[in-house]
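Student: I would like to take a close look at one part of this model, and I would be glad if you tied that part to its surroundings. Could you walk me through it step by step?

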Amino acid sequence: MVIKIKIIIALICIYFITVFSTCKKNILGCGQSNIFFTIDAKVYPDKDSINIGDTIYAEIDIPTTLKDKNDDMVDYSKANNLGTDMGFLKLVNDSSVQVGDAVNDFGIQLISGKEVVSSNPLRLKEYSFEETGGRYIFKISIVPKSSGTFSFNFGNAANVIRNGNSCPKAEFSFLLRNTTDQHYYLFPSGSGVAPAGADYYFYVR
């Protein structure tokens, strides 16, 4: 009888462990992002044509408490993997198909944030944001060293977590269209294209 009671107790414990583990995964969405933020980035000065040696600034400056896509205010402070990867490309012969990796065509200085080891150092610069004074801040200066038509973009951040907790996760989508002319007319056949992301085109004389 005692053995049967112990077996029943053990089975009940296993049941509750399984149920709560499953609920955590399904309800909180641990396997994927379930909080979504749309963030305005900014590029300035906003010119479609600049000279070699001129400086462009790319910046993100947002509060740690943010409105998600459901218009709920969410405190997302102490995120330990919030950042962006920025791709730098040169349009070869002004072609939208032929592009060249262009990190080395620029002098890039980090002003606010932290640089992360890039997975593709000739094309990408990767950064995490600095958290200070209730805000997330990221800023770099970009100085072109050669002429041509170039683009760079802010890459979205997925599976961002807080305080080392794996749940819940958030996705940050970055946009330029609300703050910056993206100069899509410099993109071959790009005239009239409605910008959907955070890519920026410019010509260097």
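Tutor: Happy to! Let us begin with His183, which counts as buried because its relative accessibility is 2%. The model is a predicted one, and in it His183 has a positive phi of about 55° although this residue is not a glycine. Most residues other than glycine have a negative phi. As for its place, His183 lies in the loop between strand 16 (170–175) and strand 17 (199–204). Those two strands make good starting points, one for a sheet and the other for a group of aromatic rings.

Before following them, here is the overall setting. The protein has one helix and 17 strands. It has 205 residues, and 40% of them count as buried. Among contacts between residues at least 6 apart in sequence, 67% join residues at least 24 apart. The accessible surface comes to about 11400 Å², with 54% of that belonging to carbon and sulfur atoms.

Now to the strand before the loop. Strand 16 belongs to an open sheet of three strands, in the order 1-16-15 and with mixed pairing. Strand 1 (35–40) and strand 15 are at the edges with a single partner strand each, so one side of each has no neighbour in the sheet. From one strand to the next, the twist averages 20°. Strands of a sheet pair through backbone hydrogen bonds, either parallel or antiparallel. Here, strand 1 and strand 16 pair in the parallel sense over six bridges, and one bridge partner to note is Phe172 in strand 16, which goes with Phe37. Strand 15 and strand 16, in turn, pair in the antiparallel sense over two bridges; Val160 has Ala170 of strand 16 as its bridge partner.

Strand 1 also shows a clear pattern in its side chains. In a regular strand the side chains alternate between the two faces of the sheet. Along strand 1, Ile35, Phe37 and Ile39 point to one face and are buried, whereas Phe36, Thr38 and Asp40 point to the other face and are not buried. Phe37, the residue bridged to Phe172, is thus on the buried face.

At the other edge of the sheet, strand 15 (residues 157–160) holds Asn159. Asn159 too has a positive phi of about 55° without being a glycine. What is its exposure? Asn159 counts as partly exposed because its relative accessibility is 36%, while His183 counts as buried at 2%.

Next comes the strand after the loop, and with it the aromatic rings. A search of the whole structure finds 17 aromatic pairs. One of them is the tilted pair of Phe88 and Phe152, with 5.5 Å from centre to centre and 35° between the planes. This pair links distant parts of the chain, as Phe88 sits in strand 7 (residues 83–91) and Phe152 in strand 14 (residues 148–154), 64 residues apart. Both Phe88 and Phe152 are buried. The rings of Phe152 and Tyr200 have centres 5.4 Å apart and planes at 40°, so this pair is tilted as well. It, too, links distant parts of the chain: Phe152 is in strand 14 and Tyr200 in strand 17, 48 residues apart. Tyr200 is buried, as is Phe152. Phe88, Phe152 and Tyr200 belong to one aromatic cluster that also includes Phe106, Phe150 and Phe202.

Phe88 then leads us to a charged neighbour. Lys125, found in strand 11 (residues 124–128), touches Phe88, and its other contacts beyond four places in sequence include Thr84, Asp85, Met86 and Glu115. Is Lys125 buried or exposed? It counts as buried because its relative accessibility is 16%, which is under the 20% cut-off. A polar contact of 2.8 Å joins the side chains of Lys125 and Glu115.

One further backbone feature is worth a visit. Tyr44 and Pro45 are joined by a cis peptide bond, with omega about -5°. Most peptide bonds are trans. Pro45 is located in the loop between strand 2 (42–44) and strand 3 (49–50).

To return to where we began: His183 is in the loop between strand 16 and strand 17. Strand 16 takes part in the sheet ordered 1-16-15, and strand 17 holds Tyr200, a member of the aromatic cluster.

Technical notes. Residues numbered from 1 in each chain as written. Predicted model: local features only at pLDDT ≥ 70, side-chain atom pairs only at ≥ 80, totals over all residues. Heavy atoms only, no water. Helix = DSSP H or I, 4+ residues; strand = E, 2+ residues; numbered from the N terminus. Buried < 20%, exposed > 50% of the residue type's maximum accessible area, 1.4 Å probe, protein only. Contact = heavy atoms within 4.5 Å. Areas by Shrake-Rupley, 256 points an atom, 1.4 Å probe, with all protein chains shown as cover. Polar contact = N/O pair within 3.5 Å; in protein donor to acceptor, adjacent residues only side chain to side chain. Pairing = 2+ DSSP bridges. Axes fitted to C-alpha atoms, helices over the stretch in contact; angles between N-to-C directions. Phe/Tyr/Trp six-rings, centres within 6.5 Å; stacked < 30°, edge-to-face > 60°.
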